[in-house]
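Please open the structure in your viewer and keep the selection tool at hand. Each stop below says what to select next and what is there.

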Amino acid sequence: MADGEFGGYGGRHVPEPLLDPLSQLAAAYDELSRSEGFRDRFRELLAEFAGRPTPLYHARNLSDRYGAEIYLKREDLLHGGAHKINNAIGQALLAKEAGRPRLIAETGAGQHGVATAMAGAMMGLETEIYMGRKDVERQRMNVFRMRLMGATVNEVTRGGAGLADAVDAALEDFAETVDHTHYLVGSAVGPDPFPRMVREFQSVIGEEAREQFIERTGGLPDAAVACVGGGSNAIGLFHAFRDDDVAFYGAEGGGEGADSDRHAAPLAAGEDAVIHGMKTRVIDDDVEVHSVSAGLDYPGVGPEHAMFRELGRCEYTAVTDDAALAAFRELSEAEGIIPALESSHGVARAIRLAEAGDHERILVNLSGRGDKDMETAAERFDL
């Protein structure tokens, strides 16, 4: 995995003007990440600003219903309502230390945009967010939150007006402003060093969960489950267990089904290609990128997940919109916990594993809470 490559995936597939800035960023990250002072400040901010550690919750009612012990890593309880704040703090601190006064970011569901706005405001950095028009429309409250914290939100109308188009716009901005801007990539995607940098900032999820699970049960889970869009919450959970006898399951945005022409499941139903500066798995051109959850509505995936798929280390499944919505309601009714629609994909996969009797103890990363998805859910449920 040298030079930002993961078994042939990853790398830096970018125009020449971006090669030097990315090399500089990689050098700065490699140096700062070895600094005890940087690591101490990062851990301090995770505790005092983000609200770590997050609890490990035994979902007893859900466990009784489906015949396996299901545990939830409660990233939904973090400041901002999702795991995104872990990475946002790390990269904003990196930008501050490197003397970059401006942050830019892309966002789909808005949680990364909110997290970037939070970190930017806290550190006194100018912040600008790119967001597709269709996501602006379905995540209006997150747009308001970003603007309330002083961030500029740019509505992207090109192409499909979704997350991929927001990434394109942010990359163009970065190419023109690299001398004073840090592109705070929201997931474990893009050219090196972003996939490994985001993975490291999010690895606190798995590190905490592993320690908590051992303390609670005396052992490790049989399976670890997470939703996968770009893949940061999943790789953050999986990393601590990668050398353990723990099965990995990734739940992609299946939309109307992986065999349909409307889904967001490049691992389950895609092909190898280059997108947004990385070689990875990408959805076929004849498929409309779609998921009921804006955060999974992306045509590619992090290169480390592409490697895991290739090696058979993780099983990736497309979870349909209907299955995710059913799990959204199931967890809400069974446990009084309203998950994000992204996280609901992971819950749906865990329920299926429990029903199949494949594993006795299942750990699910509940990556975010469902406040942002109330309007979407209300349109689907007759309550």
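Start with helix 8 (163-177), which gives the most to the lining of the largest cavity, with three residues. Helices (H or I, at least four residues) and strands (E, at least two) are DSSP runs, numbered from the N terminus. The model is a predicted one, in which local features need pLDDT of at least 70 and side-chain atom pairs count only at pLDDT 80 or more, while totals for chains, interfaces and linings use all residues. Residues are numbered from 1 along each chain as its sequence is written, and side-chain values use heavy atoms, with hydrogens and water left out.

**The cavity**

Select K84, L163, G186, S187 and G295, which are the closest to the centre of the largest cavity among the 39 residues that line it. Its volume is about 450 Å³. On a 1 Å grid over the protein atoms alone, a cavity is a set of points where a 1.4 Å probe fits but cannot get out, and a pocket is an open set with protein on both sides within 12 Å along at least five of seven lines; lining residues have an atom within 4 Å of a point. Grid points are joined across faces, edges and corners, and a volume is the space filled by probe spheres set on the points. Other elements that supply at least two residues of this lining include strand 5, helix 5 and helix 15 (341-356).

**Helix 5**

Next, select helix 5 (residues 111-123). Is this helix enclosed or open to the outside? Of its 13 residues, 11 are buried (under 20% relative accessible area, 1.4 Å probe, protein chains only), so helix 5 is largely enclosed by the rest of the structure. Among the buried residues are Q111, H112 and M123. Show helix 2 (36-50), helix 4 (84-97) and strand 6 (126-132) as well: they are among the elements that cover the buried residues. After helix 5 comes G124, with a positive phi near 70 degrees.

**The pocket**

Now select R39, F42, R43, E200 and E207, which lie nearest the centre of the largest pocket, out of 16 lining residues. About 360 Å³ of space lies in this pocket. Two or more lining residues come from each of helix 1 (16-33), helix 2, helix 9 (194-202) and helix 10. Helix 2 has the largest share, six residues.

**The sheet**

Move to the open sheet of six strands, whose order is 3-4-16-9-10-15, with mixed pairing. Two strands pair if DSSP finds at least two bridges between them. Strand 3 (56-58) and strand 15 (314-320) are at the edges with a single partner strand each, so one side of each has no neighbour in the sheet. Within the sheet, strand 4 (residues 69-74) and strand 16 (residues 361-366) run parallel over six bridges. Select R74 to find L366 of strand 16 opposite.

Add helix 10 (residues 204-217), which packs on the sheet and touches strand 3, strand 4 and strand 16 (contact means heavy atoms within 4.5 Å).

**Helix 14**

Last, select helix 14 (residues 321-335). At 1.5 Å a residue, its 15 residues should span 21 Å (1.5 Å times one less than the number of residues), and the end C-alpha atoms are 21 Å apart, which agrees. Its buried residues include D321, F328 and E335. Just after helix 14, G336 has a positive phi of about 70 degrees.

Methods:
Axes fitted to C-alpha atoms, helices over the stretch in contact; angles between N-to-C directions. Buried < 20%, exposed > 50% of the residue type's maximum accessible area, 1.4 Å probe, protein only.
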